[in-house]
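Visitor: Please show me the protein, and then let me put some questions to you about how its parts are arranged.

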Amino acid sequence: VLSSSYSWENLYEFKGIIHFPYEISTMSLFEQYSANIPLFFPSKSYLKQLIINNNYYFQSRYNKIHNYNNRYHNNVNKALNDNYWIDFWLDNADFYDTNNMNHIIYFNNYNELIYLTNTVNFDYISNCMKTHNAKRIINAEIKWKEIIDNLFFKN
């Protein structure tokens with residue numbers, strides 16, 4: 001466990017990082033994934049169960065549910081509160097996008113998390129992430145080249 005003021009070096013001394021995400025996308029996730037640090041996340045079904053049972057909130061839903069900012073537009077109210085939208089947000093969460101972020105380790109409950117942290121081969125997962133990150137870089141370069149070519153060199 002880290003104190004509130006820690007450096008990246010302190011964080012990367014650990015074998016892996018356990019996440020209970022506060023939103024569907026965060027920069028720290030991309031930084032940690034790019035550093036090949038094994039990441040543990042609740043499975044989609046487990047996180048959905050926690051949210052539906054009001055045992056867990058994304059930051060945006062927490063603010064709305066507890067009326068910290070009641071000035072949302074009606075469509076945003078629905079997006080933040082209607083359980084139908086939970087599937088939409090989870091389906092679009094970066095940490096469940098296995099094409100982009102393969103080799104994230106998912107757990108279905110606390111006991112499974114403990115089991116996984118004691119049995120996962122952290123070096124193997126890190127090496128798999130490293131290989132996948134190399135592919136991600138190549139794919140990003142190809143896509144950026146396509147965008148730039150279409151912007152500046154399209155006839």
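The questions below go from the overall fold to the core, the salt bridges, some single residues and the surface.

Visitor: What kind of model is this, and how are residues numbered?

Guide: This is a predicted model, in which local features need pLDDT of at least 70 and side-chain atom pairs count only at pLDDT 80 or more, while totals for chains, interfaces and linings use all residues. Side-chain values use heavy atoms, with hydrogens and water left out, and residues are numbered along each chain as its sequence is written, from 1.

Visitor: In what pattern do helices and strands follow one another along the sequence?

Guide: Helices (DSSP runs of H or I, at least four residues) and strands (DSSP runs of E, at least two) are numbered from the N terminus. The protein has 8 helices and 3 strands, and read along the sequence they give the pattern α-β-α-β-α-α-α-α-β-α-α.

Visitor: Among contacts between residues at least 6 apart in sequence, what percentage join residues at least 24 apart?

Guide: A contact here means heavy atoms within 4.5 Å. Among contacts in the protein between residues at least 6 apart in sequence, the share that joins residues at least 24 apart is 60%.

Visitor: What percentage of the residues is buried?

Guide: Relative accessible area, with a 1.4 Å probe and protein chains only, sets the classes: buried is under 20%, exposed is over 50%, and partly exposed lies in between. Of the 155 residues in the protein, the buried ones make up 32%.

Visitor: Which helix supplies the largest share of the largest nonpolar core?

Guide: A nonpolar core is a set of buried Ala, Val, Leu, Ile, Met, Phe, Trp, Tyr and Cys residues joined through side-chain atoms within 4.5 Å, and in the largest one, with 28 residues, Leu39, Phe40, Phe95, Ile104 and Val120 touch the most other members. At least two residues of this core come from each of α2, β2, α3 (44-52), α6 (84-91), β3 (105-107), α7 (110-119) and α8. The largest share, 4 residues, comes from α3.

Visitor: Where does Val120 lie, and is this residue buried or exposed?

Guide: Val120 is in contact with Phe40, Ile105 and Ile125, leaving aside neighbours within four places in sequence. The residue sits in the loop between α7 and α8, and because its relative accessible area is 18%, Val120 counts as buried.

Visitor: How far apart are the closest N and O atoms in the salt bridge between Asp87 and Lys48?

Guide: A salt bridge is a side-chain nitrogen of Lys or Arg within 4 Å of a carboxyl oxygen of Asp or Glu, and by this rule the count comes to 3. Asp87 forms a salt bridge with Lys48, with the closest N and O atoms at 2.7 Å. Asp87 lies in helix α6 and Lys48 in helix α3, so this pair ties together parts 39 residues apart in sequence. Asp87 is partly exposed at 34% relative accessible area, Lys48 is partly exposed at 25%, and the N and O distance asked for is 2.7 Å.

Visitor: Which residue forms a salt bridge with Lys44?

Guide: Lys44 is partly exposed, at 33% relative accessibility. This lysine belongs to helix α3, and the pair links distant parts of the chain, 47 residues apart, with the other member in helix α6. The closest N and O atoms are 2.9 Å apart, and the partner is Asp91.

Visitor: Which backbone nitrogen does the side chain of Ser43 reach?

Guide: Ser43 is found in the loop between β2 and α3, and at 9% relative accessibility the residue counts as buried. Beyond its neighbours within four places in sequence, Ser43 is in contact with Tyr96, Tyr106, Phe107 and Asn108. Its side chain reaches, at 3.1 Å, the backbone nitrogen of Tyr46.

Visitor: Which residue has its backbone nitrogen 3.3 Å from a polar atom of the side chain of Asn36?

Guide: Asn36 is found in the loop between α2 (27-34) and β2 (39-42), and at 15% relative accessibility the residue counts as buried. Leaving aside neighbours within four places in sequence, Asn36 is in contact with Ser126, Met129, Lys130 and Asn133. The backbone nitrogen 3.3 Å from its polar side-chain atom belongs to Lys130.

Visitor: Is Trp144 buried or exposed?

Guide: Trp144 has its place in helix α8 (residues 122-152). At 55% relative accessibility, Trp144 counts as exposed.

Key:
A polar contact is a pair of N or O atoms within 3.5 Å; within protein, one must be able to donate a hydrogen and the other to accept it, and residues adjacent in sequence count only if both atoms are side-chain atoms.
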